[in-house]
Amino acid sequence: MKQAKLFVSVVIIGLLLLLRCSSENQNLPIRGESFTINYVPSENGILEESESITVVYAFDYWGTKGSAQRGKESLFLNVEQPDSGRAFKSVMNKSDQYWTTSIDIPKNAELLSYYFTNGNKFDYNDKKTFVLYITNSKGEIVKNSKFRNIAFLAMAGEDNERQIIEAEKEIQHYPKSWLVYIALWNKKFNTAKNMSELI
């Protein structure tokens with residue numbers, strides 16, 4: 001009897017963990033599939049009176065005009081003036097409570113970044129853009145999602161320590177992501193007080 005109760009308890013805990021993991025990723029875009037973006041203007045008031053709203057989005061990165069070394073304002077130039085062919089647009093449909101649209105996620109995409117506009121005003125999410133990891137069909141965050149996100153963390157004004165954590169998470173999941181090691185060492189070099197912190 002005790003073994004049966006223990007078995008049932010283990011099964012219930014397992015199911016709860018599985019549901020938690022799947023719910024964490026259910027709102028993430030999946031490679032090769034359609035993804036629905038919803039927007040509630042009343043949450044920030046920027047586009048609340050809009051008659052039309054468009055989502056502007058990019059995969060992986062927006063451009064190469066600004067760099068993290070020059071600061072977050074420099075990085076944001078990439079969003080305001082994206083490289084040719086990097087930015088896409090989708091006109092949203094209005095429902096009772098929010099605006100919505102569906103976009104297609106390319107099979108090789110790693111990160112999704114987007115903002116909203118009515119043509120005159122812009123909701124850039126406080127100049128950070130809205131950023132989502134991309135997953136594979138198994139719900140696993142794909143290789144380089146976290147690496148791509150490092151630049152967006154810099155654009156959001158996150159410190160080197162937070163960016164280092166993101167790089168370390170990428171390496172933990174994908175140990176052969178060689179480019180991430182360069183970014184990680186660079187971040188550590190900029191924050192280290194002595195040589196032992198670089199090891």
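**Exercise 1.** Find which residue of β5 is the bridge partner of I37, and describe how the strands β1 and β5 are joined.

*Solution.* The model used here is predicted.
Step 1: I37 has T101 in β5 as its bridge partner.
Step 2: β1 and β5 are joined by six bridges.
Step 3: The two strands, β1 and β5, run antiparallel.

**Exercise 2.** Find what joins β4 to β5, and state which residue of β5 stands opposite K94.

*Solution.* Step 1: Strand β4 covers residues 93–94, and two bridges join it to β5 in an antiparallel arrangement.
Step 2: Opposite K94 stands W99 of β5.
Step 3: The connection from β4 to β5 is a hairpin of four residues.

**Exercise 3.** Sort the side chains of β5 by the face they point to, and say which face is buried.

*Solution.* Step 1: The side chains alternate along the strand β5.
Step 2: W99, T101 and I103 point to one face and are buried.
Step 3: T100, S102 and D104 point to the other face and are not buried.

**Exercise 4.** Name the residues with the most contacts inside the largest nonpolar core, and the elements that give two or more residues to this core.

*Solution.* Step 1: The largest nonpolar core has 20 residues, and L112 and F116 have the most contacts inside it.
Step 2: β1, β2, β5 and β6 each give two or more residues to this core.
Step 3: Beyond its neighbours within four places in sequence, F116 is in contact with several residues, including I37, L47, V55 and F130.
Step 4: A separate second core has 13 residues, among them A58 and F152.

Terms used:
Residues are numbered from 1 along each chain as its sequence is written. This is a predicted model: local features need pLDDT of at least 70, side-chain atom pairs count only at pLDDT 80 or more; totals for chains, interfaces and linings use all residues. Side-chain values use heavy atoms; hydrogens and water are left out. A nonpolar core is a set of buried Ala, Val, Leu, Ile, Met, Phe, Trp, Tyr and Cys residues joined through side-chain atoms within 4.5 Å. Buried means under 20% relative accessible area, exposed over 50%, partly exposed in between (1.4 Å probe, protein chains only). Contact means heavy atoms within 4.5 Å. Two strands pair if DSSP finds at least two bridges between them.
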